[in-house]
Structures are given as structure tokens and as C-alpha cells.
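Trainee: Could you take me through one part of this model up close? I'd like to start with a single helix and its surroundings, and then see how the rest fits around that.

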Amino acid sequence: MGSRVAEPDGLDAGRVVQVLTTRRAGPGRRGSGYQVSGHAVLTAAHVVSEAVSVRLRFFTEDGGTTELPAEPVWADEAMDIAVLEIVRERAGESARDAGAGEVSAGGPGRDEVPPVRFAGITQPVECEAVGFPRFRLRPDTASTDRDEPPWYRDSHHARGTTTPLSYLRAGSLEISVAPPEYDPEPGRSPWEGMSGAAVWSGGYVIGVVSEHHRFDGLGRFAASQVKRWYRLAPDRIGALSDLIGLPADAGRLTRLPLPSPPRPPETPEPDDAPETPEPDDAPEVQESAAKLARDVYEQWRREGQWQQVGDRFPLAVRFGCTERNVFDHWANIRRAPFGTVSEPLPLDGRLHRIVEVYESVPSRRLVVLGEAGSGKTVLTLRFVLDRLRARAAGDRVPVIFGLGSWDPVTTSLDDWLCGQLVRDYPFLEAPAGHGGNLAGLLLDEDRILPVLDGFDEIASGLHGAALRALNRTAMPLLLTSRPAEYSRAVEDNSVLSEAAVIELADLTVDDYAEYLHRGSRPVRDGGEDSTAWEPVLTRLRTEPDSPGAANVAKVLATPLMVALARTVYRGTPGHRPSELLDVEQFASPEALQDHLLAAFIPAVYDPTPTGRGTSRRRRRHPERVQRWLGYLAAHLHELDTRDLAWWELGTTMRLSSRMLVVGFLAALAFGVTTGIGNVPVDLVATERGLGFALGRGLMVGLLHGLLAGLVFGFVYGFVSGGAPREPSRVRLQLFGGTRQSRARFVRRSLLGLGFGVLVALALVLVDRCVVAPLGFDDGLDGGLVGAILFPLELGLGAGLVLGIMAWLEAPIEIRSAVSASDLLSTNRKNVVFHMLVWMLVIGLPAGLGFGLLSGPVGGLMPGPVRGLLAGLVFGIEAAFGGGLGYGLSFTAWGQWVALARMWLPLRGRLPWAVIAFLDDAHRRGVLRQAGAVYQFRHARLQDHLTQVSQPHHASRRSGSAGRAGMAGPEHTGNCPGPEERLESGNTRQSRTDGAHGGTTHGGAKWLPGAGWEGQG
């Protein structure tokens, strides 16, 4: 269960102080303050400005006082706050001179002061403050000087309310309290001396009293609010945090008022699911942050199960502070004040301590270095899950971002993070703030903790720009990278400011021996419990320098290869791990790695059902799976990305090829429906007979279909510009339109009007100039009036359809699940709904018009029967001609249907049930899901499959949709056989082995049309 916020201690009268300041010139000042630690007092900056000396007056339980000297150690005039350090070394003499006994009587000792909690407010709250205002001036009746008794200021406990909506320009809090009964001196404020008092609400400090505006009356004064202090420079806020215990970043600041205890959920949740009470600046932020935390946790919890992050006996992944010269000064990492000595942080640990190590870094900026397969991805997953389980109110939500798609030259970090959030969590696209969306609002409110995975996967040449962009922000983050790329970026630029750097260590035999032992079938010989791995492990321990053992030890130094080895030799019959020691078969560590990667797919695609709901899962042949996965890997290589998005499948084809496919399907949809629809119309509305109706239907279907194919094909090419169509992240609702949707209504309506009129004119020209001269004029065109009315009718109908769809659009519900299949389903429903609207808008008016006509039309009697038939025909033509054509040309779902669901399966590049295949690969551990996209389990596996697929995507297509991302491997060699080519309009190449044309990886060979040899 998640942690809850502990009850704060609240205001302590024994820690309230009066601040007495002696200045170089002019009279001294009197103010108030509060002891926030054993050695620090918080007060207002103007109280101690130009001070020669400062003394603090504490009040004892019996009404006496004790004074201690203090020195200002931190101040900011703009925020009007200062920190005083109690000088304990001289406090002994001061206390004895005053006859007050031990020093401890003057306020709590250094070890007796509990920490103060700080908060910001989001709504009006009750508050209180204790200080020493001028109207509490009293004569000291106990004084021995009877001629002129001295004066003192007694304490005043002010209680009232405050709101965040007053003093917005000044940025301070308005404190409303009961006013003094009289103004003792009109020229001076009665609240004089109250400055520096801590303002409390619900046991938290929310500000420091700063000034009194006379025009506001005597019942109000201003306070410097804690939330505004975070506008200070990072080094200033870091020093203040070290002195008074202020949270290091605004995201960890508690928001008041605290939420009510959450009601029990209607549906059961996992026992370890994070609780996310979200006190925040607005209800939409509160709800969005809570929803995001739940979605992120549930998403990566499932991924952790598939990747065995929560394995009862996981690999012993270790890390420690890197020895590379790639991190900042320890003083900067610790955010230590000037003049202090900063020792290195203890950063060594194992996987389960990653959150603890991260929290020990004051800057909350940590870089994780590791070679390929060393466990960086598993570490980020463990970090996110563990942090969300222990997440408290106000904590940032950790979200994993794959850096491979970021181009820091063209896109700022905030804009890229916002786009990735919207892609993976569509509900965050809902409008919020001043023209922005929920994703941007969460970033602005410091509610996101970016976990940036794969710095090395940023396109070559952009690492320096990325590092400079990260240095322009002080936001907490966790960054992963391979050491070489990160080291080069640091050498050419600078270190990541204030970031500690740890590096993952290589695995040893002792780290993975138990892991391999427990994951293999037991072999009992003579009563001893052993496994097939025992000979390998024994050789690694007893003869580590032998050639075979040295190769195996080097390969098994990374968790990826250990996991692959356990999977391969647990699921491949007829093979034993001892063959890995054969130096004749595996002459180098690289050969061993290739062997494990090649054998992984056949090992996981066995006929044994795995997981709930998979008992009826059809067995997939490894050779077919290898071909399909190889195409996907090559597709990602062509796009220079690690993210496998369903809406991008097939987009590596030439733009002209895609236009042909989309145009053909649009022509088929429009031509078939138009041709069939014309047959009953001509039969009942003319006396030409069945032969004429069939001939005209065929002619009109061919010509109208050709026209529709040309129009929608070119429209697709123009709208897409070669780039893949992004999926719509909206749903359709009948009620709840917004002003934004009304603006879209006008824009879309005008677009539909123009498009409909042009298409209708083209259809009229075809009918009048081609169909009629060929002898297929049915006399139903309406003459000149029809030629004028038809384009107007179709234009108005198309404009109305697009306007209605824009009006009905709304962001995806905040409760919607996040996955590739869910986003695909939403887009499919939108297109189907679009077709229904086309049917109603075009078909209903046509039906009413024909139904109200007087007199028979051909052999059809007047009345509702004729109207129903006409409306049905025109409605179906509009739905399939206009609605489906629109979906194919303008939507990601239409592109997906045309390319991924039809063309690529017809070519054998993908299976017919693509999403089912991706989900199955995910369940088997070949893919992982990251929000709305899939990724290969590891980049090494993707690169290997790219080589195995035998293509080289040397882009020749027009309008290629490549993106800045990871740099893929080069592939050279001979051309593959025709049965193994991948159709994308690009030159394909491969590495081949001898005359067989097969690709060799370790002991396994891929033969075109034959599958894997030597893999069982």
C-alpha cells in the first residue's frame, strides 16, 4: 500500500522568537521569527537588513526570556525571507550574564527540534501566526527604574484565513485576521514587529509575514508564500533547502487543503498498487496526476510480470559510482552551501535499492550507465514500480520516456515530453490551462519525474545538443545511457549539472549461477540435485581462463544474455548448455551472442500455451514468425526508431505505392456501391430493362470508382506528405461540445463544402461527357437544374458531415485504458460512426425528397416505399463512397487497414491478425509495451532480427517518413532470393553464407523457405 502523509507537529510556542536587530545607522528593528531547526531561525529579510548584530529572544514556560546571539547566513530581499544561525558558542556567556541558567533554556537544543513541514495552498484555508506587533507594546511593571519604566512587546496569536487568489501580482498571501481595537500611532502600522512570523495552516508553514498595506485596513497583512520561493535559482533554493529542510523541488511540496480520505474503490486493485491522494492546484491536476500514476503503475506492473522484474529469484544486478570522469562536483550534486566540504555519496547497491540511492542524491538527478544488455531497462522499470508503490501526496509521477525519438535541435525538451505523454496516455490531450492540455499542465506544475531511457539511442551528432538541453533545466530526472556515447557527449560539451552517475557492474558466476540453476530442469544423479548447467558453471569456476569458459563468461556478464541463455536451454529440446563451451562451434563471444539471439525466437514459440486465455492460441511456426518479426525490425530500422506504432506499419513503402493502395481501396468501395446502387434505381425509375441497368451500373461503377480512387489517392498523398497519419486521440460523444469544437465545426464545414462541390462537379462531368455519349443515359440526371443542384447538395452534405463530426469530438475519457489495441479500437469506432453520419446526412434528405415527389417515377409508385429505397441507396453510397473514402485518406485507421491489414499480409510480410500477433509476441517476452506503442524486448534483439530479415532499407521512396532516433547497423552482402524480399520499394541486401544463401548465427542457419537448421 502507498504511504500516507504523517500528521504534522504544528506550531510550537517554545520555538517562537522575537528578533532584535542593531543597525549601523538609525534605530534598531524589532521583528519575529521561528526556530526551524536546532541552529536555524526563519524570519523576514527586511528585519535583519544592514544588521550589525542580531539577538534572538526566546520565552520560557514561566514567562521569562532568554536571549541568544545570531548571524544572518542566507537572505533574499525579493522573497523577503532570511535564515539566522544561532551562535551557540557565545550563548553560554549570554545566558549566565542574564542569570537565566543553562543555555538550553533559551529555546530547544540542537537535537530536540523536530523538522518543520512546508506547504502551498490551492484553496482558502484557515491559518495562524505568533509574533510581536507594535500594538502589543506594554510597560514593564517589574522594572526597578520607577522614573521611566521600560517597555516590551508581548506576543500576539493571530488567527484567520488566507486565500491564493489575492495579491496575485505581488505573489504574496493575504492574511485576514481580527484587527486591533485601535491604531496606537496613525503614522505607523500597529502590525509593525509582526514581520518574520511563520504563517501556519494545518500544521504546515505556508509563508512568512512580510508587510502591512495601510489601504487594506487593519484586518489584513501580507506574507511571503512558500510556493513562490521556488522561483529562486536552483543553487539558491538548494542552499535554503539544506538550511531549513524545505523540499528540494516544488513537486514534493505538500498542497493544502489535504484531500479527504479516499473512499474504498468499487473494484479490487492489486495489494501493492500505489495510493495517490493528490492535493494539488486544481481538481483537474489532482485527477490527472492520480489517473496517470495508476496507469503508469499498472502498465509497468504488467510489463514487469512479462519481463520477470518481480522474479522471486532475480539476477543480482549491482551498481556503484562510476570511475569515469563524467559527473559534476560533489558540492553541486549535494547542493551544498559555499565554504562547506562535500564528501562523495555512497551510491553502491543492488537493484532493489535503486529508489533509496536516487533519494540520497539531493539534486534528484541521476545518470545510470551500462553496456548493451546490462540491465538498464530493468533498472528503470524497477525504479518506477518501487517509487510508485511508496509514492506520497505531492510526489512527482515517474514516467519512462524512450529518448530515441527526440530531436533536441528541432524540439524542446518540454514539448517533446508533452507529445510523448499525449501519445502514451491520450486522456492528457484534454484542454487545460491557458490554451494547453493536461500533459503540459502536469509538466508546468512539476508533477512529472522523467525517466529518460536510452540517451545513446539519440541520433548520432545530437548527443551534445541533448545534453545542453538537459542542462538548461534543473528538473529531477533519471537518465540511462551506454557509457561510450555518454562519455563522448560529456567530453565534447559538459557534464550533466548536479547529476550523480552510477554504472552497472558485470555479472559474475556467483551472480547468475543460482538463477540458471533454478530455471532449468533438475537432474538427479546419485541423490544430488543438479542441472544441465552444472558442467558450464563448474568450468567457469575452475578454469576461467580456458578459451571456452572465457567466451561464456564474457557473454554471460550481462543480464540480457543470461536471460536468453536460460530461455533457450529451457525450451529447446536436444540441446545442452555445455555446447556453449565448444570453441570450434563458437570461436568468439560475438558468435555465442549471435547463437543465443538466433535461438531465442524458436525457443519461445513452442506449442505450449502460456498465460491465462492462451489455451486455444494457434501454434505459430518459428520460420514464419522469424520472417514477420524480421520485417518489423527492418521497418523500425528504416524509421530510425525503437517504437513500433501500429499507425506506422507499411509507411516505409514508397509514397506512390501507398497512394495506389489507398486509391484502389477507395475506388473499390465507391465503385462497387455506386454500381450496385444504380441497378435498382434504373430498374424502378426507368423502363430500359435489366440489361441496361446492369450495363449502366457496371459503367458507372468503373468510372466513378476510378474517379474516387484518383481523388482519394491524391488526397492521401497530399495530406500525409509522406509521413504516417497520426491516430486520433478523441472519441465521439453526442453531448458536451466545447468552444474549441465549435471553432472546428466552422473550419471543417467549409473544408467539406469545397471538397464536396469539386467532387460532385467531377462526377457530373463524367456522367454527361462519358456515360451519356456511350448510350447509358438513364434520363434521371435532372438536366441543367440537376447539374446545379447536385454539386450544391453534395457539398452541403459533406460540409455538414465534417462539421457534425468536429462538433461531436471530445478527448478520450480519463478512465480509458492505455494500449495500442485500445487506441486502434477507438479510431475504428470513430470511422464507423463517420460512415453512419454520412449515411444519415446524405440518405435521409434524398429519401424525403423522393418520397414527397408527386406521381410515379418509372414503375415505382409514390410514397414512403420509393423514399425508403432512394434514401437507402444514396445513404449506402455516401457511407462507403464518402465515409470510407474519408477514413482511408484522412485517418490513421484507414491507413492501417489499407497497408497493415491488407497489403502487407497479402505480400506475406505480416500475418492477417496483426494486433493479435503483436499481443502474442508481447506475452512471450519478444516485445514489450510502452503506452500506445510496442518495442522489442531489447535493442540487441531488434538489430539481430534486422540482420536476419536480410533487407537493407536504403530509402529510395518519395517522402520518406524517417525520424531522428537511434542509429541502426549497416548490412552489406548479396541480394536475397525473391521469395525472401520485403516489399517496401527499397533496395534490400543481406549477409549470406556460401551458395546456400542462408544467414549463419552461431550454430543455427536460416535457409530461405526452409526455416532454422540445428535448432530442433
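Mentor: Here is a walk that starts at helix H12 and then moves out to other parts of the chain. Keep in mind that this is a predicted model.

A bit of context before we zoom in. The chain holds 25 helices and 34 strands. It has 1016 residues, and 55% of them count as buried. If you take the contacts between residues at least 6 apart in sequence, 73% of those join residues at least 24 apart.

Now to helix H12, which runs over residues 534-542. Which of its residues are buried? They are Val 536, Leu 537 and Leu 540. These three cover an arc of only 95° around the axis, so they sit on the same side of H12. As for what lies over them, the cover includes helix H11 (509-518) and helix H13 (547-555).

The pairing with H11 deserves a closer look. H11 and H12 pack at an angle of about 170°, and their axes are 11 Å apart. Since an angle over 145 degrees counts as roughly antiparallel, that makes H11 roughly antiparallel to H12. On the H11 side, the contact is made by Val 509, Asp 510, Tyr 512, Ala 513, Leu 516 and His 517. H12 brings Glu 534, Leu 537, Leu 540 and Arg 541. Notice that Leu 537 and Leu 540 are back again: they are among the buried residues of H12, and they take part in this contact too. By residue class, the contact of H11 with H12 divides into 6 nonpolar, 1 polar and 3 charged.

For another helix pair, look at H15 (residues 589-604) and H25 (residues 939-948). These two pack at an angle of about 85°, with their axes 10 Å apart. That angle makes H15 roughly perpendicular to H25. From H15, the residues in the contact are Gln 593, Asp 594, Leu 597, Ala 598, Phe 600 and Ile 601. They meet Arg 940, Leu 941, His 944 and Leu 945 in H25. Here the contact residues split into 6 nonpolar, 2 polar and 2 charged.

There's also a glycine to look at in helix H22 (residues 864-890), namely Gly 875. Gly 875 is buried, because its relative accessible area is 0%, and the cut-off for buried is under 20%. The C-alpha atom of Gly 875 is 8.6 Å from that of Leu 836, a residue 39 positions away along the chain.

On to the strands. Six of them close into a barrel, and going around you pass S8-S11-S12-S15-S14-S13, with antiparallel pairing. From one strand to the next, the twist averages 40°. You can zoom in on one pair in that ring: S11 (residues 156-163) and S12 (residues 172-177) pair in the antiparallel sense over 4 bridges. Within that pair, Thr 161 has Ser 176 in S12 as its bridge partner.

Strand S20 (residues 397-402) gives you a parallel case. S20 pairs with strand S23 (residues 448-453) in the parallel sense, over 6 bridges. Ile 400 stands opposite Val 451 in S23. S20 is also mostly covered, with 5 of its 6 residues buried.

So, back where we started: the buried residues of H12 share one side of the helix, because their arc spans only 95°.

How values were computed
Residues numbered from 1 in each chain as written. Predicted model: local features only at pLDDT ≥ 70, side-chain atom pairs only at ≥ 80, totals over all residues. Heavy atoms only, no water. Buried < 20%, exposed > 50% of the residue type's maximum accessible area, 1.4 Å probe, protein only. Pairing = 2+ DSSP bridges. Axes fitted to C-alpha atoms, helices over the stretch in contact; angles between N-to-C directions. Arc of directions from axis to C-beta. Contact = heavy atoms within 4.5 Å. Parallel < 35°, antiparallel > 145°, perpendicular 65-115°, else oblique. Nonpolar A, V, L, I, M, F, W, Y, C, P; charged D, E, K, R; others polar.
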